[in-house]
2 protein chains.
Amino acid sequence: MDTTGEVGAFFKSAFSVDNVIFGFDGGDLKVLLIQRGQAPFKDKWALPGDLVYPNEDLNTAAERVLEQLTGLRGVYLEQVKTFGAVNRHPLGRVITVAYITLIKISNFTVTAASFAQSAKWHSIDQVGDLAFDHNEILESCLRRLKRKVRTAPIGFELLPPKFTLTELQQLYDSVLRLPKRLDKRNFRKKILSMNLLVECPEMQEGVAHRPAKLYQFDREKYGQFVNEGFVFDI
Amino acid sequence: MDTTGEVGAFFKSAFSVDNVIFGFDGGDLKVLLIQRGQAPFKDKWALPGDLVYPNEDLNTAAERVLEQLTGLRGVYLEQVKTFGAVNRHPLGRVITVAYITLIKISNFTVTAASFAQSAKWHSIDQVGDLAFDHNEILESCLRRLKRKVRTAPIGFELLPPKFTLTELQQLYDSVLRLPKRLDKRNFRKKILSMNLLVECPEMQEGVAHRPAKLYQFDREKYGQFVNEGFVFDI
DNA sequence: GGGATTGGTGTGTAAATGACAATAAGTTCT
DNA sequence: AGAACTTATTGTCATTTACACACCAATCCC
């Protein structure tokens, strides 16, 4: 590639991906943040991200960042928005493509990644000042999650494969943060009427009260219903 | 900026913006395409777009592309998605940020832009093979428009300031392309019940039938309602 | 003045939504 | 075994919303 010709001046920029990794532990919605191991913003908390390799697709880069940090593959990933303010990166012109990732929080252990000193789950409302424009990025991704969780069955990505209806509702409550919590009865009716959940034979265990039924999300059925015009909506 | 150090290898890429400019002329939804004046893909139809200047924000670049082509400023602009497949651009690694623009089609005349031989409105379903991955980009933007037009009052951006309810409905019908057209009475009831339109004193003119009332969209009221929790929804 | 054309309007019915509280089924403790 | 506790589970009614549907009105053109 010619980087000296008339368009050469343009080929002096880079792009990165930043990954807003959401998890849910039964209480709060959480984000996985890293503490930066190098300048700029060394020691500051930030979204996990990295420069995109010259021969790497954007999605692939986002998957790589995730895998380096958590060891996970094949999880829900969605591009959200690109941030490109001229001075957003102190070392040069770097625009960044923000992704959302949804993972089952119990499923993984953080692997120290090259770009991170340490990584830690933060409750979504205990995120302080982040490096770069990462607070803004997080806001955008949270807004997107709030919308998307109501119009696509992605909430399940945050729960273990088998879950109770109460857990599912808690998830929605903590993502949406509506002024009033969702009504338990109406929520159950709505979810069950979609016919997307299958009852498991076994029950919740290890709780000091009446155990709840466990359910699983039926991805196949959802696919069929979508083909028939079904629209997920909560 | 140091482009020779260990991160230097990354600073050899560029980014562009591509602008999906939608318009509506009473019949079809239209997109403004250009015929490329230079390689690669010389003479092919493409989305108007350009490389982003090193000291230019992404939005600014999208606005510039629009202004160079149409002379318009201050119109509706929305970032949609970023396309970054490794080989999407034959001259090097160039990722592109796609934007939607909505303009009032009667409002402008195409100005030959540096990057275009000619520009022409194309009906949305008479778009042939485009340069680069522009067909894919167009698809994404069209999907976004279809969603957004139902959840935000952006349809008005495509109509002249004063319009009839029938025109508004035709707009929705041609954007959404639902299997059945929207019901006239229900559409009117719904739109009017939102209280976002003000009746103009004058009437439609020059039509060979009963003239319709003209309406205007009241942007201020919409702002107030949103603050009170109102959600636009069609 | 008659015909053609599109504008404009109301009502009844079915479906979805939202508010609401009592009972049942387990667990733990004594 | 029973009492106390915790959460699971379920149904009704009132309200709102969605939808289907048909006729008269205003203007133009001849």
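Let's start at the DNA: of the atoms of strand D within 4 Å of the protein, 46% belong to sugar or phosphate, and the rest belong to bases. Keep in mind as you look around that this is a predicted model.

Who sits next to that strand? There are 18 residues around DNA strand D, and those that come nearest are T166(A), K184(A), R188(A), R185(B) and R210(B). Sorted by class, the surface near the strand has 10 charged residues, along with four nonpolar and four polar ones. As for where they come from, α4 (184-193) of chain A and α4 (184-193) of chain B each supply at least two residues of this surface. The largest share, four residues, is down to α4(A).

Now zoom in on some individual contacts with strand D. On the base side, R210(A) has a polar side-chain atom 3.4 Å from a base nitrogen. From the other chain, N186(B) also places a polar side-chain atom 3.4 Å from a base nitrogen of the strand. For the backbone of the DNA, take a look at K213(A): one of its polar backbone atoms is 3.2 Å from a phosphate oxygen of strand D.

With both chains showing up at the DNA, how are chains A and B related to each other? A turn of 180° with a shift of 0.0 Å along the axis lays chain A on chain B, with an RMSD of 0.1 Å. The two copies are therefore related as by a two-fold rotation axis. If you want to find that axis from chain A, go to K12(A), whose C-alpha is the nearest one in that chain, 2.4 Å from the axis. Both copies use the same surface, too: 100% of the contact residues of chain A recur in chain B.

Last stop, the largest pocket, which holds about 2400 Å³ of space. Its lining runs to 50 residues, and the ones nearest the centre are R147(A), T151(A), R147(B), K148(B) and T151(B). Three elements of chain A, namely β5 (76-83), α2 (134-151) and α5 (219-227), give two or more residues each to the lining, and so do β5 (76-83), α2 (134-151) and α5 (219-227) of chain B. What is the lining made of, by class? The residues split into 21 nonpolar and 21 charged, with eight polar ones making up the remainder.

How values were computed. Residues are numbered from 1 along each chain as its sequence is written. Chains are lettered from A and ligands numbered from 1 in the order in which they are written. This is a predicted model: local features need pLDDT of at least 70, side-chain atom pairs count only at pLDDT 80 or more; totals for chains, interfaces and linings use all residues. Side-chain values use heavy atoms; hydrogens and water are left out. On a 1 Å grid over the protein atoms alone, a cavity is a set of points where a 1.4 Å probe fits but cannot get out, and a pocket is an open set with protein on both sides within 12 Å along at least five of seven lines; lining residues have an atom within 4 Å of a point. Grid points are joined across faces, edges and corners, and a volume is the space filled by probe spheres set on the points. Ala, Val, Leu, Ile, Met, Phe, Trp, Tyr, Cys and Pro count as nonpolar, Asp, Glu, Lys and Arg as charged, and the others, Gly among them, as polar. A residue is near a molecule or strand if one of its heavy atoms lies within 4 Å of it. A polar contact is a pair of N or O atoms within 3.5 Å; within protein, one must be able to donate a hydrogen and the other to accept it, and residues adjacent in sequence count only if both atoms are side-chain atoms. Copies are superposed by least squares on the C-alpha atoms of residues with pLDDT of at least 70 in both. Contact means heavy atoms within 4.5 Å.
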